[in-house]
Amino acid sequence: MATTLPPPGIAPPVDAEQDLRPHDGNGGGFRGPVPESGELRSVSEPSGEPTRTGIWVGLAAIAMAFAALTSALYVREGAATDWQPIALPPILWFNTLALIASSVALERARHRVAAFMRGQENSRSGATLWLNATMLLGLVFVVGQYLAWLKLRSQGLYLPTNPNSSFFYVFTGVHVVHVLGGLGGLTRVMVKFRSSTRPLRRSTMDATSYYWHFMGMLWLYLLFILWLKL
Amino acid sequence: MGGKIFAVIVILIALASAVPIITHTFLGASVTPPEDISTHGFEIDKQLDETMVEAGLAFLAAQLVLGFFVWQFGGRKDAPLKNFPGGAKYLILAALLLVGAEAIALGAVGSKAWAKVYFQPASADALPIQVQAGQFAFYFRYAGPDGKFGAIHPDKIDEGNSNFFGLDPENDVAARDDIQSGEFVIPVNKEIHLMMHAKDVGHSFYVRELRLQQDFVPGLDLSLHFTATKVGKYEILCTQLCGLGHYNMRAYLNVMTQDDFNNWLKAQSN
Amino acid sequence: MSEASVPAVHHGPPTSFIRKHVFSVDHKVIGKQYYALALVAVVTGMVLSWIMRIHLVWPTAPIPGLGWLSKAGAPGGVVTPEYYLSLMTMHGTLMVFFVLTNAPFAAFGNYFLPIQIGAEDMAFPRFNMMSFWITFIAFCILIAAFFVPDGPPLAGWTAYAPLSAIGKDAGPGEGLGQTLWALSIFVFCIASLLGALNFIATTLDLRTKGMTLARMPIVSWAWFITSCIALLAFAVLLPACLLLVLDRVAGTSFFIPSGLNVSDHLQPHQGGSPLLWQHLFWFFGHPEVYIAILPAIGIVSHILINSMRKPMLSHKTIIYCMMGIGFLSYMVWGHHMFLSGMNPFSALVFSFPTLIITIPATIMTLIWLGSLYGSNLRINAASLFCLGFISMFVSGGVSGFFLAQPSIDIYLHATYFVVGHFHMVMGVAAIFGIFAGTYFWFPKMTGRMMNETLGRWHFWLTFIGTYCIFMPFHYLGLAGNVRRYSAFTDDYLVPLLPVHRFITYAALFTGAAQLIFIFNLLYSHAKGAIAPANPWEATSLEWSTPSSPPPFDNFGGKHPVVYHDPYQYGVKSSTGDYLMQTSPERAGETP
């Protein structure tokens with residue numbers, strides 16, 4: 001295994017502490033002073049934070065899934081002559097406002113949480129207020145989507161009625177499932193924020209926020225597609 | 001020791017694999033495409049042969065080099081290490097140029113054969129025949145003297161009474177003289193425009209001797225055109241998994257002389 | 001203390017039995033769980049293939065025990081045509097999803113990626129645990145299809161609509177079993193997405209000091225590239241399965257057109273597109289086969305470098321080739337659909353990148369071969385399977401060259417030529433990668449050596465046996481032998497039966513040879529010779545752990561520091577002809 005003093009006959013040892021030149025031909029570089037092999041790292045890890053990477057990767061997968069559904073929509077429309085435009089329930093616009101407002105509320109909450117963590121604020125109440133607002137607006141959105149479905153049903157438009165209604169329910173349904181997941185993440189953030197034993201990490205707050213904002217942007221995109229195609 | 005055994009075995013396997021390709025037989029069975037009776041098939045066969053030569057040479061070369069190197073260097077201990085002359089550079093270049101050129105050449109040439117089958121529409125005087133694929137049989141329809149096909153009504157399909165296509169001769173004039181057949185009868189040396197209709201699920205139409213294959217897609221009107229150049233009976237096979245009877249779903253292509261075909265058609269009308 | 005320096009993973013060792021062996025967040029346990037699941041799946045899939053092969057050449061032979069499993073499907077043990085197709089469907093589904101995606105990627109990747117990059121565990125250990133158990137649930141849902149009254153689905157692992165979408169009217173095998181299939185794959189997609197996410201975040205963020213991306217072993221690169229492919233591919237299959245389930249149970253018409261008369265039942269559906277299913281499925285399906293082969297390519301490269309005692313001619317090239325294949329894999333899905341009825345012009349569009357994919361594959365092969373030149377190649381079970389992989393990769397790849405051309409595909413589509421092609425690359429080459437990895441890493445995972453003699457016999461019999469099975473498939477294809485037939489009754493097929501008999505004998509023989517492997521695996525686990533810490537004199541980080549198997553946090557409380565790439569072979573050092581990545585020693589001149 002690795003030894004610290006190579007036997008004579010090999011190239012003279014170079015002090016590992018100071019020798020930052022790459023030892024291999026592949027241009028591998030160190031990014032800081034090299035501790036002795038075997039010590040726990042005490043310098044900050046230059047790599048990214050996994051939670052942040054994870055959320056972007058996850059959002060990429062979700063985007064891809066909706067891209068697949070979008071292409072299914074286009075192909076299905078082109079495949080047959082049974083396309084029957086439906087009127088989008090007006091409540092959708094209100095729901096959109098609620099979702100956008102919830103993102104705004106979440107950003108306010110994020111700033112208040114950061115301020116609290118930095119010690120600039122003494123009380124959690126400001127951040128909690130805005131987090132509650134986010135949750136509430138999110139729930140308003142979910143309920144509003146359900147009301148939109150009820151409106152369609154009252155017009156006799158169910159899931160299998162025609163391809164337009166099918167895609168409406170599938171798009172909004174899959175989106176709402178992900179929004180519910182986002183609400184779960186927000187709940188987790190709120191619980192951790194209040195906890196003293198397992199405190200909220202900035203990366204968790206950020207990741208949850210990115211996810212939530214993505215749900216808002218995704219909704220705007222879906223609304224556009226629904227309006228354009230259905 | 002193991003290296004030498006590997007080398008021998010891989011070289012033997014490579015050579016043994018090539019034998020049936022060259023002799024066209026394996027264990028007494030003929031393992032080669034059957035005689036081509038189409039007007040476009042010779043290009044496909046040429047493509048196949050060329051690819052076989054190039055791919056075959058690449059296959060043999062790679063396996064032989066693998067065997068040779070493992071023979072030479074397998075089990076060697078403490079010998080001075082050597083790098084392949086030129087390193088990776090020339091190998092990458094060789095792969096790029098050889099394979100790239102081959103790929104482009106085959107792609108370009110092959111597209112001609114493909115275009116012949118698919119890009120050109122059937123000529124105006126091709127004989128239109130319709131085929132319907134359903135679980136688990138092919139049925140063929142001829143337009144009859146009026147030259148028109150009656151409409152298909154899926155709800156009127158009644159196999160028990162031989163109404164395979166769901167025709168409505170009472171209300172549909174064009175359907176009255178349509179001729180249904182379980183056999184695909186065509187005149188030789190005459191272009192056929194085959195219109196394909198799927199009754200239930202996906203099927204596919206495959207006649208090896210015609211070098212022709214095309215899926216039936218429910219909901220899509222697809223068609224093929226071809227000309228058969230030799231009289232005889234050939235098997236039509238379903239090549240798209242369609243259910244339990246898939247293995248048994250076949251019909252016969254019966255290529256007749258023009259006179260025989262005319263007689264056959266007349267006989268069907270009665 | 002800044003945010004970044006808080007360790008991302010820091011869980012204490014588990015104490016209870018459940019936490020240690022069942023619901024464990026330890027990536028090593030999860031890796032072994034995936035391996036065990038893959039083992040169960042591969043044995044099941046292999047048995048199914050034996051039954052299929054036996055039925056094809058002895059159609060009236062009763063299979064012992066099968067009548068108990070399904071009275072309707074195999075009365076008296078004699079396989080019915082629909083049951084043959086069901087067995088075939090389950091064989092394909094089990095092998096592609098639960099073996100080829102699980103073993104080289106999820107099993108070995110989970111076990112070794114964190115260790116190879118010097119991390120304690122994956123980035124998200126609890127997601128990791130969930131990934132495995134969700135995969136297990138998907139497996140249970142799939143197996144449940146064997147036991148429903150209508151039997152397992154029979155639409156093939158490709159489940160083309162409308163056959164797969166209509167429901168019971170489409171015939172036996174298309175009842176609840178097909179819905180369970182779609183649900184199982186839906187669940188599998190979720191698990192795979194979580195897994196891919198974990199791999200990506202771990203590779204990008206948890207590398208230890210000195211472990212730059214360039215210093216990762218080729219196999220870690222392979223796992224990383226595979227997880228990027230998997231992320232986007234499974235994200236497309238997931239909604240596709242959802243739409244399929246909706247067509248089956250909710251009366252929607254995504255894939256089912258109007259006007260279908262199925263066994264005298266008029267279908268109420270309107271205007272759906274069967275081609276839509278094919279597009280969605282193959283957009284996933286083609287990257288999926290590269291998900292199956294890339295980890296094996298990585299494993300084989302990794303082991304070969306060690307066995308040759310010399311670096312590859314160019315590691316960067318292999319990594320770039322893997323990336324190129326991954327990228328191109330998204331552009332070629334239509335080559336499964338040349339004759340599907342899609343616009344014939346698009347066939348040429350898809351054919352071109354399909355032919356181009358040959359280039360990186362050829363480059364890699366030439367580099368492997370060129371690297372063998374002048375090496376001191378150690379021959380053992382692991383390296384033999386690597387050499388066998390190269391042979392199989394060439395054979396399988398070469399037949400792909402035929403199928404990539406639409407005009408040739410007119411003749412060869414849906415024949416045994418296709419079946420021979422994909423079995424050679426997936427069913428043999430990728431499996432050889434799994435075998436090589438097993439023989440190579442067994443000492444690290446268990447602390448014991450596998451029996452070398454048994455390993456070599458396993459190799460010889462399997463290598464020869466699989467060639468005897470799958471090479472003749474190509475000859476059958478050239479004769480136009482159609483695939484997915486439960487019996488060969490056509491005029492032109494009857495003379496080919498001797499070939500099929502030969503294949504069946506070879507299949508049963510090769511299957512029996514796998515018992516040697518299973519015995520070796522289980523026996524060595526309990527009674528194998530104790531393994532030295534670094535039995536293969538290898539350089540990468542997994543061989544520098546303080547014990548075999550590694551302690552729960554892999555490095556015993558320490559974080560390794562990396563000074564080299566993992567290709568320091570053929571160098572003069574105090575340890576011999578190699579330098580471990582963790583060794584601060586500098587290499588002397590290459591001898």
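Two residues are taken to be in contact if their C-beta atoms, placed from the backbone, lie within 7 Å. With that criterion in place, I turn to the structure shown above, which is a predicted model.

I begin with a single residue, A:T204. This threonine sits in helix α5 of chain A, a helix that covers residues 202-229. Setting aside neighbours within four places in sequence, A:T204 is in contact with A:T51, A:V189 and A:K192. Is A:T204 buried or exposed? The answer lies in between: A:T204 has 19 C-beta neighbours inside 10 Å, and a residue is called buried if there are 20 or more, so A:T204 counts as partly exposed. As for its relation to A:F94, the two residues are 110 apart in sequence, and their C-alpha atoms are 29 Å apart in space.

Next, the arrangement of the chains. Which chains share the most contacts? Of the 2 pairs of chains in contact, it is chains B and C. Chain A and chain B, by contrast, do not touch, and their nearest C-alpha atoms are 8 Å apart.

The contact between chains B and C draws on 95 residues from chain C and 96 residues from chain B. On the chain C side, helix α12, residues 358-372, supplies the largest share, with 10 residues. By class, the side of chain C that touches chain B holds 61 nonpolar, 28 polar and 6 charged residues.

I now come to a helix pair that links chain A with chain C. Two packed helices are described by the angle between their axes and the distance between the axes. Here the partners are helix α1 of chain A, residues 50-79, and helix α8 of chain C, residues 218-249; they pack at an angle of about 45°, with their axes 8 Å apart. That angle makes α1(A) oblique to α8(C), because it falls outside the ranges for roughly parallel, roughly antiparallel and roughly perpendicular. The crossing of α1(A) past α8(C) is right-handed. On the α1(A) side the contact is made by A:V57, A:A60, A:A61, A:M64, A:A65, A:A68, A:L69 and A:A72. From α8(C) come C:L231, C:L232, C:A235, C:V236, C:L238, C:P239, C:A240 and C:L243. In terms of class, the contact of α1(A) with α8(C) has 16 nonpolar residues, no polar ones and no charged ones.

I close with the backbone, taking the peptide bonds before the phi angles. Where are cis peptide bonds found? One joins B:Q135 and B:F136, with omega about 0°. B:F136 lies in the loop of chain B between β3 (127-134) and β4 (137-142). In chain C, a cis peptide bond joins C:A161 and C:P162, again with omega about 0°. The loop that holds C:P162 runs between α5 (125-144) and α6 (163-166) of chain C.

Two residues deserve mention for their phi angles. B:L27 is not a glycine, yet its phi is positive, at about 55°. B:L27 is placed in the loop between β1 (25-26) and β2 (29-30) of chain B. With 16 other C-beta atoms within 10 Å, B:L27 is partly exposed. C:R484 is likewise not a glycine, and has a positive phi of about 60°. This arginine lies in the loop between α16 (452-478) and α17 (497-527) of chain C. Why is C:R484 classed as buried? C:R484 has 21 C-beta neighbours inside 10 Å, and the class of buried residues begins at 20.

Terms used. Residues are numbered from 1 along each chain as its sequence is written. Chains are lettered from A and ligands numbered from 1 in the order in which they are written. This is a predicted model: local features need pLDDT of at least 70, side-chain atom pairs count only at pLDDT 80 or more; totals for chains, interfaces and linings use all residues. Axes are lines fitted to C-alpha atoms, for helices over the stretch in contact, and angles run from 0 to 180 degrees between N-to-C directions. Helices (H or I, at least four residues) and strands (E, at least two) are DSSP runs, numbered from the N terminus. Angles under 35 degrees count as roughly parallel, over 145 as roughly antiparallel, 65 to 115 as roughly perpendicular and the rest as oblique. A crossing is left-handed if the near helix is turned anticlockwise from the far one by less than a right angle, and right-handed if clockwise. Ala, Val, Leu, Ile, Met, Phe, Trp, Tyr, Cys and Pro count as nonpolar, Asp, Glu, Lys and Arg as charged, and the others, Gly among them, as polar. A residue is buried if 20 or more other C-beta atoms lie within 10 Å of its own, exposed if 12 or fewer, and partly exposed in between; C-beta atoms are placed from the backbone.
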